[in-house]
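Open the structure in your viewer and keep the selection panel at hand. The tour below goes from one charged pair to the next.

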Amino acid sequence: MHNEKILVTRSSMPPYEEYIEAIKPLWDNRQITNMGQYHKELEEKLKGYLDVQELSLMVNGHMALELAIQLFDFPEGAEVITTPFTFISTTHAIVRNHLQPVFCDVKRSDGTMDETKIENLITERTVAIVPVHVYGNVCNVDAIQEIADKYNLRVIYDAAHAFGVKYKGKGIGNYGDASIFSFHATKVYNTIEGGAVAFSEHRFYEKLYNLKNFGIRGEDLVTEVGANAKMNEFSAIMGLCNLKYIGNVLEERRKRYHFYRKNVETIKGIGLFEQNEDVCSNYAYFPVLIEEDYCMTRDELYDALRENCIYARKYFYPLTSDQECFRNKYGRACLEQARKLANQILCLPFHDEMKIEQMVKIIDIIK
């Protein structure tokens, strides 16, 4: 136990025999990609589970976001208001669509985009808002939609952390013009690698189909320029298997989340994000904020944990706007809260199979 590595996350997987049995038909029909039987089945089942009207599976969450943005044919060089407190993929997806990210500050209460700062960033070149439901914490979707309607802007949510989250009883993928999910191995629910775009307008399904499949509409017919972002059948089957156990996974995460919270919320200098009563959480991560009155800095605690083979992560540091590839390249408003959070944040190891004694060890070190 003393030398055991405790990683920040652990992939949820179905019983080995179940997955092996499920993939056997692939050796008979040899259809292992190009949107086969299991791809179609998973797409339908996820529509039901996520409580969304339409859904298009993708090879990963990044391509889901990149193609969701491309879906709207924004003019090159147009501005997109987004958050710098996120994984680098969010900003990459905007820039790779030849658009200009405009960074908005976030709220100390939950790390999501500060909706009160959005309107001051809107110009005649603004075409969309790309907020992030960070750690599964839900953005103020009502206020953001009001702003979008007022200025005729599209809203595309990065919901990579928000699989299964509900807001006011509705699946989180129902908000905005589109929402993307990530099914990466580190997420609450995984298809090994994978992702999806959720949306309400059926006409978008055909457009996304073209974008993820080279624009091919027949043996001799290509109607649009597209990418290759299809999910393969091995991943789809992993998704189908994992979906059977998602209820138990979320319940196990819930119990561990509250164990952590109960034991760290009284430690001087350890801050936690607020909980929203309107949100049914997926308990995706357990982030803590190392505040000024704690006995050491965030980086010192990070190092102390690593010395004990505990691999916490600084999700998200530095801000995407401060990364080498973007630094000083795009104009930005004041990012006071985002930068403060980036310097305080630490995600503790957390997953549905985590042993209580591992959590106790981490808590004791923090204490």
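Select Arg298 and Asp299 to begin: they form a salt bridge, and their closest N and O atoms are 2.6 Å apart. A salt bridge here is a side-chain nitrogen of Lys or Arg within 4 Å of a carboxyl oxygen of Asp or Glu. This is a predicted model, in which local features need pLDDT of at least 70 and side-chain atom pairs count only at pLDDT 80 or more, while totals for chains, interfaces and linings use all residues. Residues are numbered from 1 along each chain as its sequence is written, and side-chain values use heavy atoms, with hydrogens and water left out.

Is Arg298 buried or exposed? Arg298 is buried, at 3% relative accessible area, whereas Asp299 is partly exposed at 33%. Buried means under 20% relative accessible area, exposed over 50%, and partly exposed in between (1.4 Å probe, protein chains only).

Keep Asp299 and add Lys314: these two also form a salt bridge, with 3.3 Å between the closest N and O atoms. The pair links distant parts of the chain, 15 residues apart: Asp299 lies in helix 9 (residues 298–307) and Lys314 in the loop between helix 9 and helix 10 (336–344). Helices are DSSP runs (H or I, at least four residues), numbered from the N terminus. Lys314 is partly exposed, at 22% relative accessibility.

Next, select Arg327 and Glu324, whose side chains meet in a salt bridge of 3.4 Å, N to O. Arg327 is partly exposed at 44%, and Glu324 is exposed at 63%.

Last, select Asp73, Lys207 and Glu224, which are joined into one network by salt bridges that share partners. How many salt bridges does the whole structure hold? A search finds 26.

Notes:
Helices (H or I, at least four residues) and strands (E, at least two) are DSSP runs, numbered from the N terminus.
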